[in-house]
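User: I would like to learn how to read a protein fold. Can we go through one together, step by step?

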Amino acid sequence: MTDVTPTLPSSASAVRPPLFAALPADVSIFEVGPRDGLQNESTILPVERKVELIEGLVDAGIKRIELTSFVNPRWIPALADHMEVASRVRRKPGVTYSALVPNLRGLDSATRAGMQEIAVFMAASQTHNRK
């Protein structure tokens, strides 16, 4: 009987189990933890810890990461330090750094902080969009 189990590229020594045969050989992870994971925490991390978290994730191999949200601190107090976090993160070549931007004021701040990529969101209600 011939084994038709797909294998990883020649650089990999393992054989892909049949369960994974239809899946792509590579995946892309877009890490949003520094923004989404920290925005609702009751303890607000200092800038130094946020920068350490972001740089640690990048050092671990993350290639796409959302640093923060350029939102009014009234709505998300835990991200009030967005300018400083975005400005202090050491950029590595080959890594995409982005930030969530809810409005034109946030876009202006993100641009001033040196962000080269932004994520935007749209809500179903105009009331939420205006916030």
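What follows is a set of questions and answers on this structure.

User: What kind of model is this, and how are residues numbered?

Analyst: This is a predicted model, in which local features need pLDDT of at least 70 and side-chain atom pairs count only at pLDDT 80 or more, while totals for chains, interfaces and linings use all residues. Side-chain values use heavy atoms, with hydrogens and water left out, and residues are numbered from 1 along each chain as its sequence is written.

User: In which order do the four strands of the open sheet lie?

Analyst: Helices (H or I, at least four residues) and strands (E, at least two) are DSSP runs, numbered from the N terminus. Two strands pair if DSSP finds at least two bridges between them. Strands of a sheet pair through backbone hydrogen bonds, either parallel or antiparallel. Here the pairing is parallel, and the order is β1-β2-β3-β4.

User: Which strands are the edge strands?

Analyst: An edge strand here pairs on one side only. That describes β1 (30-31) and β4 (117-119).

User: What is the bridge partner of A99 in β4?

Analyst: Strand β3 covers residues 96-100. Three bridges join β3 to β4, and the two run parallel. In β4, the partner of A99 is I118.

User: At about what angle does helix α2 run to β2?

Analyst: Helix α2 covers residues 47-59 and lies across β1, β2 (64-69) and β3. Axes are lines fitted to C-alpha atoms, for helices over the stretch in contact (heavy atoms within 4.5 Å). Angles run from 0 to 180 degrees between N-to-C directions. For α2 and β2 the angle is about 170°.

User: How many salt bridges does a search of the whole structure find?

Analyst: Side chains of opposite charge can pair when their charged atoms come close. A salt bridge is a side-chain nitrogen of Lys or Arg within 4 Å of a carboxyl oxygen of Asp or Glu. The search of the whole structure finds 10.

User: With which residue does E48 form a salt bridge?

Analyst: The closest N and O atoms of this pair are 3.4 Å apart. The pair links distant parts of the chain, helix α2 and helix α3 (residues 82-88), 40 residues apart. E48 is partly exposed at 46% relative accessible area (buried is under 20%, exposed over 50%, partly exposed in between, with a 1.4 Å probe and protein chains only). The partner of E48 is R88.

User: Which residue does K92 meet in a salt bridge?

Analyst: The N to O distance is 2.6 Å. K92 sits in the loop between α3 and β3, and its partner is in helix α2, 33 residues apart. K92 is partly exposed, at 33% relative accessible area. The partner is D59.

User: By about how many helical turns are R112 and D108 separated?

Analyst: R112 and D108 form a salt bridge, with the closest N and O atoms 3.2 Å apart. An α-helix has 3.6 residues a turn, so residues three or four places apart point the same way. R112 and D108 are four residues apart in helix α4 (residues 104-112), so their separation is about one helical turn.

User: Is E66 buried or exposed?

Analyst: E66 lies in strand β2. It is linked with R35 and D36 in a network of salt bridges. A polar contact (a pair of N or O atoms within 3.5 Å; within protein, one must be able to donate a hydrogen and the other to accept it, and residues adjacent in sequence count only if both atoms are side-chain atoms) of 2.5 Å joins the side chains of E66 and R35. At 3% relative accessibility, E66 is buried.

User: What is the relative accessible area of S98?

Analyst: S98 is placed in strand β3. Not counting residues up to four places away in sequence, S98 touches several residues, including F30, E66 and I118. S98 is buried, and its relative accessible area is 0%.

User: Which residues of α4 are buried?

Analyst: What covers them includes α3 and β4. The face turned away from the buried side carries the exposed residues L104, R105, T111 and R112. The buried residues are G106, S109 and A110.

User: Which residue caps the N-terminal end of α4?

Analyst: A side-chain oxygen of the cap lies 3.3 Å from the backbone nitrogen of R105. After α4 comes G114, with a positive phi near 90°. The capping residue is N103.
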